[in-house]
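Trainee: Could I please be taken through one part of this structure in detail? I should like to look closely at the site of a bound ligand and at its surroundings.

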Amino acid sequence: MKTQVAIVGAGPAGLLLGHLLRAEGIDCVVVERQTGDYVLTRIRAGVLERITVELMERLGLDARLKAEGLVEEGFNLADGERLIRIDVANLTGKTVVVYGQTEITRDLMDAAAPRGLQVIYEAGDVALHGIESDAPFLTYTQGGATQRIDARFIIGCDGFHGPSRKAIPGLNGNFGVAREFERVYPFGWLGILADVPPCHHELIYANHERGFALASMRSHTRSRYYIDVPLTERIEDWSDDRIWDELAVRLGPEAAANITRGPSIEKSIAPLRSYVFEPMRHGSLLLCGDAAHIVPPTGAKGLNLAASDVHYAAEALVGFFRRGDKEGICGYSAKALARVWKSERFSWSLTKLMHRFPEDGPFERKMQVAELDYIASSTAARTAIAENYVGLPV
Ligand code: RFL
Ligand code: PHB
């Protein structure tokens, strides 16, 4: 098979990019390891920045997002009994939207066939070849046969564990320029999804002496909550009741009084990590989304960063195929990384502010309290948080 752009991975990054390219008349094929149903069962992000909503609008795929998404004008930081409201709408003039990553993925998936976007699911052993040339190609296996897709560019949208980033030579101090930057956190987030009304109409991020908690939602009737747990914890040891009990303590008395308990639809533990791979382009391969970087979920940035990468990548590819302009491609990595690092910083700093680290002592706790006091009392401090939360300009 021959195409202009071969995309690895049909998560939100790969599908969004595929649609943006098809809308510009550029040929592309998306190759995904899993089945479509499997991709839809992964419960992940819930908060969309403006850039993500705008891309769905631009594609004309925002009907359900508009109808079902919950526009959020603010969120809250809780510290013991105190609740600090970040009035995002008044501080920035912008809002975020609560709409599940699974819903975005479903909207993009449903529109693929009608819009002529080819997605090949259940592709095994995907491998990248010739990325330093102008004629790279992918190989994969399906039904026992090896298939090949020739392209002008390959875009790695295959998440943190995919093969794209690993195809770039030069890590481990060899001849290449690749570098990775990483911070692994000493806890994970245990998430629970349940068909019960949320305890509050806005998100609450809580720093409690027993640990972090987050009250989030997917709709007026579906809640998503998280608590941080040591990485040694096993999900089997957390009954629904134990999770609800812990949430009630950590979220504080006011939220606790409004928690509706119910059976979990999904629960899992996700480790927290900050990670950036540089550069995000090597020859004819561009990386987008989790393939190039990971943020801890505290800032709700992962999916939104994938969207901004895709925006830059689409712009560069359209410039190349429409006008023969290579500059966008050459500048892609620097442009994307400038925004990536700002989101990394915000996610890291909010994680530090809202979690109790095992190595922290009374001094670090005093620093958290002082910072929360400052945020509570300073419009400038709240504006800085709101501006980052709602998403920095693209
Ligand atoms: P994905 O979603 O991981 O998709 C990658 C796709 O590539 C496929 N793939 C392969 N395909 C072919 N061959 C191979 N060898 C392949 N290997 C992998 C995979 O099957 C998959 O379909 O990456 P993408 O598209 O870059 O999207 C990134 C987002 O998924 C991620 O950043 C967010 O979910 C992060 N995140 C959040 N982001 C937000 O913006 N707001 C949030 O509120 C938010 N909350 C979260 C989160 C992530 C979480 N977890 C579980 C890590 C909450 C949690 C708990
Ligand atoms: C979620 O609803 O899953 C969610 C919301 C905000 C975050 C992370 C996850 O910061």
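**The site of ligand 2**

Mentor: In this predicted model, a polar backbone atom of R44 is 3.3 Å from an oxygen atom of ligand 2, a polar contact being a pair of N or O atoms within 3.5 Å. Two side chains also take part: a polar atom of Y205 lies 2.7 Å from an oxygen atom of the ligand, and an N or O atom of R218 is 2.7 Å from an oxygen atom of ligand 2. The protein covers 97% of the 280 Å² of accessible area that ligand 2 has on its own, as calculated by the Shrake-Rupley method with a 1.4 Å probe.

In total, 14 residues surround ligand 2, and the closest are Y205, S216, R218, Y226 and P297; a residue is included if one of its heavy atoms lies within 4 Å of the ligand. By class, this shell has eight nonpolar, three polar and three charged residues, where Ala, Val, Leu, Ile, Met, Phe, Trp, Tyr, Cys and Pro count as nonpolar, Asp, Glu, Lys and Arg as charged, and the others, Gly among them, as polar. The strands β14 (203–208), β15 (211–217) and β16 (223–230) each supply at least two residues of the shell; strands are DSSP runs (E, at least two residues), numbered from the N terminus.

Residues are numbered from 1 along each chain as its sequence is written, and chains are lettered from A and ligands numbered from 1 in the order in which they are written. As the model is predicted, local features need pLDDT of at least 70, side-chain atom pairs count only at pLDDT 80 or more, and totals for chains, interfaces and linings use all residues, while side-chain values use heavy atoms, with hydrogens and water left out.

Terms used. Polar contact = N/O pair within 3.5 Å; in protein donor to acceptor, adjacent residues only side chain to side chain. Helix = DSSP H or I, 4+ residues; strand = E, 2+ residues; numbered from the N terminus.
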